[in-house]
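Subject: The structure you asked about

Hi,

Here is the structure, with the sequence alongside. Have a look at it first, and then read on for what turned up.

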Amino acid sequence: MNCTECDAGLSVPTDAMKGEIISCKDCGTSYELMRDEGSGQFSIRPAELEEEDWGE
Ligand SMILES: [Zn+2]
């Protein structure tokens, strides 16, 4: 999969976990890994880096 900001390739560890945060090496954009339970395929969504989720 590629970065949606700069289209650089994103490397996802084979043992990545759902909810893991990965960052684009080129532009630094952070993404949260989502996993489709049906296909087992990973997808990404932009991770908000605002300081908001300090526990609920
Ligand atoms: Zn990027």
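Asp-7 lies in the segment before strand 1. This is a predicted model, so please read everything below in that light. What caught my eye is the backbone at this residue: Asp-7 has a positive phi of about 70 degrees, although it is not a glycine. Most residues other than glycine have a negative phi. As for its surroundings, Asp-7 has 11 C-beta neighbours inside 10 Å, so it counts as exposed; the cut-off for that label is 12 or fewer.

On to the fold. There are three strands and zero helices in the chain, and along the sequence the pattern reads β-β-β. Those three strands make an open sheet in the order 1-2-3, with antiparallel pairing. Strand 1 and strand 3 sit at the edges with a single partner strand each, so one side of each has no neighbour in the sheet. From one strand to the next, the twist averages 40 degrees.

Now the two pairings, one at a time.

Strand 1 (residues 21–23) runs antiparallel to strand 2 (residues 30–35), and three bridges join them. If you want a spot to look at, find Ile-22: its bridge partner in strand 2 is Tyr-31. The two strands form a hairpin with six residues between them. In that turn, Gly-28 has a positive phi of about 85 degrees.

Strand 2 is also joined to strand 3 (residues 42–46), by five bridges, and this pair is antiparallel too. Here Arg-35 stands opposite Phe-42, while Glu-32 stands opposite Arg-45. Again there is a hairpin with six residues between the strands, and Gly-40 in the turn has a positive phi of about 75 degrees.

A general reminder for when you look at the side chains: in a regular strand they alternate between the two faces of the sheet.

Finally, two figures for the chain as a whole. How much of it counts as buried? The figure is 11% of the 56 residues. And among contacts with a separation of 6 or more, 14% are between residues 24 or more positions apart.

If you only have a minute, I'd start with Asp-7 and its positive phi, then follow the sheet in its 1-2-3 order.

Cheers

Notes
Residues are numbered from 1 along each chain as its sequence is written. This is a predicted model: local features need pLDDT of at least 70, side-chain atom pairs count only at pLDDT 80 or more; totals for chains, interfaces and linings use all residues. Two strands pair if DSSP finds at least two bridges between them. Helices (H or I, at least four residues) and strands (E, at least two) are DSSP runs, numbered from the N terminus. A residue is buried if 20 or more other C-beta atoms lie within 10 Å of its own, exposed if 12 or fewer, and partly exposed in between; C-beta atoms are placed from the backbone. Two residues are in contact if their C-beta atoms, placed from the backbone, lie within 7 Å. Axes are lines fitted to C-alpha atoms, for helices over the stretch in contact, and angles run from 0 to 180 degrees between N-to-C directions.
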